[in-house]
Amino acid sequence: MNLADMLNFADISQLTAIAGRYQCDCKRNSKHDLIQSILITLGSRQFMESHIRECAPEDLRFLNTLLFDERSQFSLEDLLAAARQASFDTVPGKSGGYREMVARFKNSGWLFSGASQQSRYLFRVPQDLKTRFRERMGDYLKEQIPPGAEPAIYRGEGDMLAGDLLLFLRYIKENEPELNQEGALHKRYQQGVMNAIQIPEPLLGKGGWRFGYGRACEHYPPRLALIVDYARHRRWTTEEGYRLKLTLTGETLLEQGKSEKLIQLYSFWLKLYKGAIPNLPSLVYWISVSAGKWVAVASIVEGLGWLVKPFYYDDAASILEQRIIRMMLHLGMLRLGETPEGPVVMMTPWGLEAAVPKQLQ
């Protein structure tokens, strides 16, 4: 439903609150006048542009969460959880708490409760406001992330991740490598895998913290960890008596030689990293909007860092650079180049297509 429909169902007290919030010039006792003046005010291009520029970061993060949520309706508990998540860098209760934030958005025309008995305790965001917020937010972020220099050379991995998944399975079939007591491949077998695949990575050194990005991230570098976790998730591999072996399903796949579609690997990556980066789909989308042409990685960190909640020892910069941009390179979603000023990235056609969530299509 769009804003006009929701305003028609809203009670006069909410309409009066919205009109008062925007200082609309209308008769406060006429529902028709209230609706018309609110539609004119909220329908203007200037409203959305100034709203985005003047909003506090936590308010924009709250709207961003609602925009990318697959659900069309939210309970009060859902909204309070989103408000809490969006306020990670503010003092709790500083502005009246999370309930005050939800009430403020209701009185600003962003949230409406349902009209029926079943839906009156559920809230929705008008579809046309969502669309316009996404468009204007994209324009705003592109202003913050200017185009960068074109690199002399660049790197793209295409669908090599899918190819390396099969090469990993072949290595497991041929070697049935040993596992240590923690259930990870011994280092010599890890190196064997790196020698067998197209895109090797340096093995992990001792020390450091590693958790939150899948089960395998504790033992393997990020790209290999994704491959290991994916193979386990699909039940292509199994751990038997301190050895890693292929299952019958894994052997059948290897015999057929069918590469997995990148979109399946991408969807799995989103789920795997969601615990550490809850708004990962939105960050991928905003990177895609900003990097249609070459842009500096430093500009992306500066322009999008405020949307990223730090995760333990990972700050916003390392999450964007190592956990998101680096993995998007491995997934074939973007290309990475070097310039004298530093690294630059640009989305691939497949990356631009995949980065748009279903609810925004």
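Visitor: Why is Asp78 called partly exposed?

Guide: In this predicted model, the relative accessible area of Asp78 is 25%. Buried means under 20% and exposed means over 50%, so Asp78, at 25%, falls in between and is partly exposed.

Visitor: What makes the contact of Asp78 with Arg71 a salt bridge?

Guide: The N to O distance between the two side chains is 3.2 Å. The limit for a side-chain nitrogen of Arg and a carboxyl oxygen of Asp is 4 Å, so the pair of Asp78 and Arg71 counts. Side chains of opposite charge can pair when their charged atoms come close. Arg71 has 39% relative accessibility and is therefore partly exposed. A search of the whole structure gives 20 salt bridges.

Visitor: What about Arg155 and Glu157: what makes them a salt bridge?

Guide: Their closest N and O atoms are 2.5 Å apart, and the cut-off is 4 Å, so the pair qualifies.

Visitor: Which of these words fits Glu157, buried or exposed?

Guide: The relative accessible area of Glu157 is 3%. Under 20% means buried, so Glu157 is buried. Its partner Arg155 stands at 33%, which lies between 20% and 50% and is therefore called partly exposed.

Visitor: How do you know that the pair of Arg234 and Glu260 links distant parts of the chain?

Guide: The two side chains meet in a salt bridge, 2.2 Å from N to O. Arg234 sits in the loop between helix H11 (222-233) and strand S5 (237-240), whereas Glu260 sits in the loop between helix H12 (248-256) and helix H13 (262-273); they are 26 residues apart. Arg234 is partly exposed at 30%, and Glu260 is buried at 11%.

Visitor: Which residues are joined into one network?

Guide: Arg45, Glu49, Arg136 and Asp139 are joined by salt bridges that share partners.

Visitor: Why is Tyr312 counted as exposed?

Guide: Tyr312 has 62% relative accessibility. The threshold is over 50%, so Tyr312 is exposed. Its place is in the loop between helix H15 (297-304) and helix H16 (316-330).

Visitor: Which residues make the nonpolar surface patch?

Guide: Phe211, Tyr312 and Tyr313 make it, over about 420 Å². A patch residue needs over 30% relative accessible area; Tyr312, at 62%, therefore meets that condition.

Visitor: Why is Tyr273 called buried?

Guide: Tyr273 has a relative accessible area of 3%, and buried means under 20%, so the word applies. This tyrosine is found in helix H13. Leaving aside residues up to four places away in sequence, Tyr273 touches Tyr213, Pro222, Leu280, Arg323 and Met327. Tyr273 and Ile324 are 51 residues apart in sequence, with 9.3 Å between their C-alpha atoms.

Visitor: What makes S8 and S9 paired strands?

Guide: Six bridges join strand S8 (residues 334-339) to S9, and the two run antiparallel. Pairing needs at least two bridges, so S8 and S9 are paired. Leu334 stands opposite Met347 in S9, and a hairpin connects S8 to S9 through two residues.

Visitor: How many bridges join S7 to S9?

Guide: Two bridges join strand S7 (residues 295-296) to S9, again antiparallel. At least two are required, so this pair also counts. Val295 has Val345 as its bridge partner, and Ala296 has Val344.

Visitor: How do you know that strand S9 is mostly covered?

Guide: S9 spans residues 342-347, and five of its six residues are buried. Each of those five therefore has under 20% relative accessible area.

Visitor: Which strands stand at the edges of the open sheet?

Guide: The sheet has four strands in the order S4-S8-S9-S7, with antiparallel pairing. Strand S4 (154-155) and S7 each have a single partner strand, so one side of each lacks a neighbour in the sheet and they are the edges. Helix H16 lies across S4, S8 and S9, running at about 115° to S8.

Visitor: How many helices and strands does the protein have?

Guide: The protein has 17 helices and nine strands. Of its 361 residues, 50% are buried. Its exposed area is about 17900 Å², with carbon and sulfur atoms supplying 50% of it.

Technical notes. Residues are numbered from 1 along each chain as its sequence is written. This is a predicted model: local features need pLDDT of at least 70, side-chain atom pairs count only at pLDDT 80 or more; totals for chains, interfaces and linings use all residues. Side-chain values use heavy atoms; hydrogens and water are left out. Buried means under 20% relative accessible area, exposed over 50%, partly exposed in between (1.4 Å probe, protein chains only). Patches are made of residues with over 30% relative accessible area and no salt bridge: like charges are joined within 9 Å, nonpolar side chains (Val, Leu, Ile, Met, Phe, Trp, Tyr) within 5 Å. Accessible areas come from the Shrake-Rupley method with a 1.4 Å probe; for residues, only the protein chains shown count as cover. Contact means heavy atoms within 4.5 Å. Axes are lines fitted to C-alpha atoms, for helices over the stretch in contact, and angles run from 0 to 180 degrees between N-to-C directions.
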